[in-house]
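Reader: Please take a close look at one part of this model and walk me through it slowly. I am in my first year and would like each term explained once.

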Amino acid sequence: EEEFKWLLQEEVHAVLRQLQDILKEASHRFALPTSGSGGAFKQENFVLSTSGTDQVKGVMTLQGDALCQADVNLKMPRNNQLLHFAFREDKQWKLQQIQDARNHVNQAIYLLMNRDVNYQFRTGLEVLKLMDAVMLQLSRARNRLTTPATLTLPEIASSGLTKMFTPALPPDILVNFYINLNKLCLTVYQLHVLQPSTTKNFKPAGGSVLHNPGATFEFGSQRYEVSHVHKVECVVPWLNDALVFFTVSLQLCQQLKDKISVFSSYWNYRPY
């Protein structure tokens, strides 16, 4: 019993402090303020490319959770024509995945800070509930980065992203940006207009992270088929750091839960 009391009063708080330190580091990775700029986010440039093809090349500028600049070169396979698109100067594209992940991390920190060093845990159950609540926020933060949203092609076509570029994207080009694990990804879809007289069995594609050539959809009064898909990506180092911090934090939470559970199987602690 004395050992269990020591665990509740001393070791639990030591783990909570450790978790706070790790998660504050994770939170700082998402913010990336520049020194002496009053909290403004640092701008980072990333070159997006993929091995084996030079059909699409892109340079993106990431500022916190927003893409503030994008330059994309696209080589059309039909005639090798080179198209160039860039974000309009008045436009930024919010990466909701980064924003959501940061919010979940901050929520986990808030839960931990609510149990400061003077707080006395009375039961193991109380600690288990806190760990479950923190782990839920951390799992959600990690899932936002590891699981991009599935979108239908009409949803991509009608997203505000299509109106971000100058010159305007031609009607047979769709683009989508998303985060996958520690990577910033750009997908470019080249489309082929299906004639009304086509005998092809038309079956619109459902939602997906990445659509394949041959996928069909209807948008406006026109039917389209995806003819080519190009995906380029680059690693964002601080997203990699954040994912490592999430993993370490979840392991710490689980280890504390396991310790509490071992004691509880020997000693019936009071429910609260």
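Author: Helices and strands are runs in the DSSP assignment, with H or I over at least four residues for a helix and E over at least two for a strand, and they are numbered from the N terminus. In those terms, Leu181 is found in the loop between β7 and β8 (183–194). The model is predicted: local features need pLDDT of at least 70, side-chain atom pairs count only at pLDDT 80 or more, and totals for chains, interfaces and linings use all residues. Residues are numbered from 1 along each chain as its sequence is written, and side-chain values use heavy atoms, with hydrogens and water left out.

Leu181 is a place to start, then the description moves on to the helices. Most residues other than glycine have a negative phi, and most peptide bonds are trans. Leu181 is not a glycine, yet its phi is positive, at about 60°. Its relative accessible area is 44%, so Leu181 is partly exposed; buried means under 20%, exposed means over 50%, and partly exposed is what falls in between, using a 1.4 Å probe and protein chains only. The other backbone feature is a cis peptide bond from Thr166 to Pro167, with omega near -10°. Pro167 is in the loop between β6 (165–166) and β7 (173–180).

Cys185 is buried, with a relative accessible area of 0%. A disulfide is a pair of cysteine sulfur atoms within 2.5 Å, and searching the whole structure gives 0 of them. Cys185 is accordingly in no disulfide, and the nearest cysteine sulfur, in Cys234, is 8.1 Å away. Cys234 is buried as well, at 10% relative accessible area, and its sulfur, 8.1 Å from that of Cys185, is too far for a bond.

The C-alpha atom of Cys185 is 17 Å from that of Thr152, and the two residues are 33 residues apart along the chain. Thr152 belongs to the loop between α3 and α4 (153–158), and at 21% relative accessibility Thr152 is partly exposed. Contact means heavy atoms within 4.5 Å. By that rule, and leaving aside neighbours within four places in sequence, Thr152 is in contact with Gly206, Gly207 and His211.

Now for α3 and its partner helix. Two packed helices are described by the angle between their axes and the distance between the axes. Axes are lines fitted to C-alpha atoms, for helices over the stretch in contact, and the angles between N-to-C directions run from 0 to 180 degrees. The axes of α2 (residues 96–113) and α3 come within 8 Å and cross at roughly 165°. That angle makes the two helices roughly antiparallel; the word covers angles over 145 degrees, while under 35 is roughly parallel, 65 to 115 is roughly perpendicular, and the rest is oblique. The crossing of α2 and α3 is left-handed, a name used if the near helix is turned anticlockwise from the far one by less than a right angle, with right-handed used if the turn is clockwise. Among the residues making this contact are Ala101, His104, Val105 and Ala108 of α2, along with Val134, Leu138 and Ala141 of α3.

Leu138 also leads to α5. Ser249 lies in α5 and is buried, at 0% relative accessibility. Not counting residues up to four places away in sequence, Ser249 touches Leu19, Ile22, Leu23 and Leu138.

Salt bridges join some of these helices too. A salt bridge is a side-chain nitrogen of Lys or Arg within 4 Å of a carboxyl oxygen of Asp or Glu, and the count comes to 10. One of them pairs Glu11 with Lys259, at 2.3 Å from N to O. Glu11 lies in α1 (residues 2–31) and Lys259 in α5 (residues 237–266), so the pair ties together parts 248 residues apart in sequence. Glu11 is buried at 19%, and Lys259 is partly exposed at 38%. Another salt bridge pairs Lys257 with Asp132, at 2.6 Å from N to O. It links distant parts of the chain, with Lys257 in α5 and Asp132 in α3 (residues 124–146), 125 residues apart. Lys257 is buried at 17% relative accessibility, whereas Asp132 is partly exposed at 38%.

The last pair is Glu233 and Lys231, with closest N and O atoms 3.6 Å apart. Glu233 is partly exposed at 27%, and Lys231 is partly exposed at 28%. Elsewhere, salt bridges that share partners join Glu25, Arg29 and Asp241 into one network.
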